[in-house]
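Trainee: Could you take me closely through one part of this model, the open space in it and what surrounds that space? I would like one connected account, with the neighbouring features brought in where they help.

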Amino acid sequence: MTTAEAALLAPADVAKARASAQGIQDGLDRTMLGQAELTKLVLTGCLARGHVLLEGLPGLGKTELVKALAALLGITFRRLQFTPDLMPGDVTGGHVLEDDGSGKRNFVFHPGPVFTNVLLADEINRASPKTQSALLEAMAERRVTVLGETRPLPSPFFVLATQNPIELEGTYPLPEAQLDRFLFKVEVPPVSSGTLEEILTTRRGGRPPEHTAVMDAGKLAELYRAVDGIYLPKAVANWIARIVASTHPSAPAAPEKVRTYVKHGASPRGAIAIGEAARAHALLAGKPNVGFDDVRAVAVPALAHRLVLDYRARLDGVRGPDLVRATLEAVPETAEIAG
Amino acid sequence: MAVKLATCVAALRRRVVAAEWTARAGGLLGWTIAGCATAALLARGIGDWQRTESAWLFAPVVAAPIVAWVLARRSRPSAAAAAAWLDVHAGAAGYVVTENELGQSSWTPRTEEALTSALAALPRVDVVRAAKPVLAAAVFAAVALWIELPETVVGPPQAVSTAALERVEEQIETLEDALAVEPELAEELEERLEAAKADAEAGNPESTFEALDALEQRIEQAVEHAEQMAEQAARELNQAATDPNLAKAQDALKNALSKMDSAGLSKDLPKSVQEALPEGAQSLDGEQLSSAELAKLARELKGGLDARLAKLANGRLVDASKRSPGAHDGAEARVTPWAGPKFRAAAESRADARTRRSTSRARPRGAPINSSRRNCRRRRCSTLNRPRS
């Protein structure tokens, strides 16, 4: 067996993993009509074992998408509606004084909704920063510490959060540290009239189709192993590194837009996020390796929310995705070759 | 047909160097040719270089492609960069870079499939674009080399020095025609004239005029000596013709002959004198001539002397205007019309002639100054027929 054979997945393995992932994708597409790009990104984030923040107007199907994903994966799912009065203990769980039957009372830990495989954090920006912070350790380290006792979360664990870009009164924008924990921030676009017509004609009361699980935790673990087996070439890794470095306004290769509008660029976690997401994207494309096209596909959702923008960006209406696209254009995949 | 990655990478690297070389060589050649053409134009215009000499200024053009090659080699991409380029331009989705890093695998057919389209996208060698500046510069170079340039005048025009040379050459010819010039003096004048000609042809007007001035001074010295001797000889001839004492008259004739001889004035004496005095002054030794014979000889010698001086005057070596035609009437006036300050006046006349150089005749550029001058020595030798002591 050559070095390449050892480092790369066999075509049959890739095909099998892709078929499994395609089953999930098809299921999601059945739920979210006309949103193939969105469902692919959500699945990519899921396969990359990252947390995804969905941002969109109410009624676009964000919650249904997450529910469908959990159903298709056949893993445990909890939904947590974030409100201003939600307490950290409501997320992580807490100790309750219980009688053990012999008259002796003990503090027993009652796990919160975070102890699940898929957590839907609905309208996450409506909770107070204190409650939002309760998710930090869970998202970053996949464990929860309550009263000095650390408990691991079930595997897999990922958070799919939603937030509403309007009705910002009484909301608490997610701090940069929390945003950085999300692999992707995906904007849910409004649907077209054709899609609306299809919804009206095929779904009574807007109810989505019921889903049956297409895999279980074991198959999902295999899928994750396949993602881990995707090869990231050095040339592509080099490009990712240069892209992320160029999001800093002080970087020599930073484009003019970044110099003007960005206050702080993406963290190394951004580069890791692109690498992982690109691996998942490559698997969904049926490839054993990451290509430049995979990076291009995931760079915007992986980096846009990590940029801390200047006030001028808000004044000029420049947004994170615009700046990431400008960076992608400014940083060539390889050394310039004349001709 | 399967396309190997190594083949594609090598082809791309070669093509990049070729494209880079073509682009760089075009620009570099264009600028070098233009620079050399400008230098050639200046050399021809200011330095008065010939076309063939100016053509040597184009030697750096040979180095331009070599320099372009060295620079182009620097832009040769690494194998990794070439693989990345091929991957991007073939839309190979990472197969090419992966195989470049890991080697062949069961995914290689995908790589080769992608590389087929990559070969068509290799950088183009834009010969036309590179040739444009070269062609433009070549046209300029051709114009710079072949165009007829107007003569550049730096310092006095060459025609002036040519005219001065011709004038001095004429003076030497007149001197040699009028007088029997000593071979040493003739040799010296010849050498100085040749040196002045060489300076003129080398385009050194200052050296030319310095040489010509020295030459003219030497001619003036010779003429002045001849004038002084002629004056004294005329006085002696006068005495020989009029002195009743035959011995004294004969001595005077003998002195006159020796003075004429010393100044070269005895050249081409009348036939009667040559027959009467076949050995010059020595013929008078031991033989007393009659007063009639003495008078006749003195008269004929005087005629010969006048003829010599007339030739010098015609050549403007002496002042002809001050040679009175009636000078022959009086003994003193007859023999010394051109003596004394007349020579100074003649010298002034020559100085005036020098100031009129710019109005002198111009010789066509490149033509020999006067080839007849080469025969001067031969002619001079034939005229030096006087006996030597």
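Mentor: Sorted by class, the residues that line the largest pocket are 22 nonpolar, 10 polar and 12 charged. The model is a predicted one, and every value that follows is computed from it. The pocket itself holds about 1,400 Å³ of space, and among its 44 lining residues those closest to the centre are Glu55(A), Lys185(A), Glu187(A), Arg319(A) and Gly320(A). Several elements of chain A give two or more residues each to this lining, namely helix H3 (36–47), helix H7 (176–179), strand S9 (182–187), helix H13 (292–303), strand S11 (308–309), helix H14 (311–316) and helix H15 (320–330). Of the elements concerned, H15(A) contributes the most, with five residues.

Helix H3 of chain A, which is among the elements of that pocket lining, also takes part in an enclosed space. The second largest cavity has a volume of about 30 Å³, and its lining is made up of Glu37(A), Lys40(A), Leu41(A), His281(A) and Ala297(A). Here H3(A) gives the largest share, three residues, and by class the lining divides into two nonpolar, one polar and two charged residues. In the loop between H3 and strand S1 (51–55) of chain A one finds Arg49(A), a residue that has a positive phi of about 60° although it is not a glycine. Another backbone detail of chain A is the cis peptide bond that joins Ser155(A) and Pro156(A), with omega at about -5°; Pro156(A) lies in the loop between strand S7 (149–152) and strand S8 (158–163) of that chain.

Turning to the other enclosed space, the count comes to two cavities of 30 Å³ or more, and the largest cavity contains about 50 Å³ of space. Its lining draws on both chains, with Leu8(A), Pro288(A) and Asn289(A) from chain A, and Tyr95(B), Thr98(B), Glu99(B), Gly103(B), Ser105(B), Trp107(B), Thr108(B) and Thr111(B) from chain B. Helix H5 (95–102) and helix H6 (108–120) of chain B each supply at least two of these residues, and the largest share, three residues, comes from H5(B). The class division in this lining is four nonpolar, six polar and one charged.

With residues of both chains in that lining, the contact between the chains is the natural next step. The contact takes 24 residues from chain B and 28 residues from chain A, and the area buried between the two chains is about 2,000 Å², of which carbon and sulfur atoms give 68%. On the chain B side, Glu101(B), Leu102(B) and Trp107(B) lose the most area to chain A, together 31% of what that side buries. Trp107(B) is thus named twice in this account, once among the residues that line the largest cavity and once among those that lose the most area to chain A.

Helix H5 of chain B can be followed further into its own chain. Two packed helices are described by the angle between their axes and the distance between the axes. For H4(B) and H5(B) the angle is about 155° and the axes are 7 Å apart, and since angles over 145 degrees count as roughly antiparallel, these two helices are therefore roughly antiparallel to each other. In this packing, Ala79(B), Ala80(B), Ala83(B), Ala84(B), Leu86(B) and Asp87(B) of H4(B) meet Tyr95(B), Val96(B), Val97(B) and Asn100(B) of H5(B), a contact with eight nonpolar, one polar and one charged residues. Tyr95(B), one of the residues in that contact, also appears in the lining of the largest cavity.

The other packing to describe for H4(B) is with helix H1 (residues 5–45) of chain B, where the axes come within 9 Å and cross at roughly 100°; H1(B) and H4(B) are therefore roughly perpendicular to each other. The residues in contact are Cys8(B), Val9(B), Leu12(B) and Arg13(B) from H1(B), and Ala79(B), Ala82(B), Ala83(B), Trp85(B) and Leu86(B) from H4(B). By class, this contact has eight nonpolar, no polar and one charged residues. Ala79(B), Ala83(B) and Leu86(B) of H4(B) are named in the contact with H1(B) and also in the contact with H5(B).

Definitions and conventions:
Residues are numbered from 1 along each chain as its sequence is written. Chains are lettered from A and ligands numbered from 1 in the order in which they are written. This is a predicted model: local features need pLDDT of at least 70, side-chain atom pairs count only at pLDDT 80 or more; totals for chains, interfaces and linings use all residues. Side-chain values use heavy atoms; hydrogens and water are left out. Axes are lines fitted to C-alpha atoms, for helices over the stretch in contact, and angles run from 0 to 180 degrees between N-to-C directions. Helices (H or I, at least four residues) and strands (E, at least two) are DSSP runs, numbered from the N terminus. Angles under 35 degrees count as roughly parallel, over 145 as roughly antiparallel, 65 to 115 as roughly perpendicular and the rest as oblique. Contact means heavy atoms within 4.5 Å. Ala, Val, Leu, Ile, Met, Phe, Trp, Tyr, Cys and Pro count as nonpolar, Asp, Glu, Lys and Arg as charged, and the others, Gly among them, as polar. On a 1 Å grid over the protein atoms alone, a cavity is a set of points where a 1.4 Å probe fits but cannot get out, and a pocket is an open set with protein on both sides within 12 Å along at least five of seven lines; lining residues have an atom within 4 Å of a point. Grid points are joined across faces, edges and corners, and a volume is the space filled by probe spheres set on the points. Buried area is the accessible area (1.4 Å probe) that two parts lose on being put together, summed over both.
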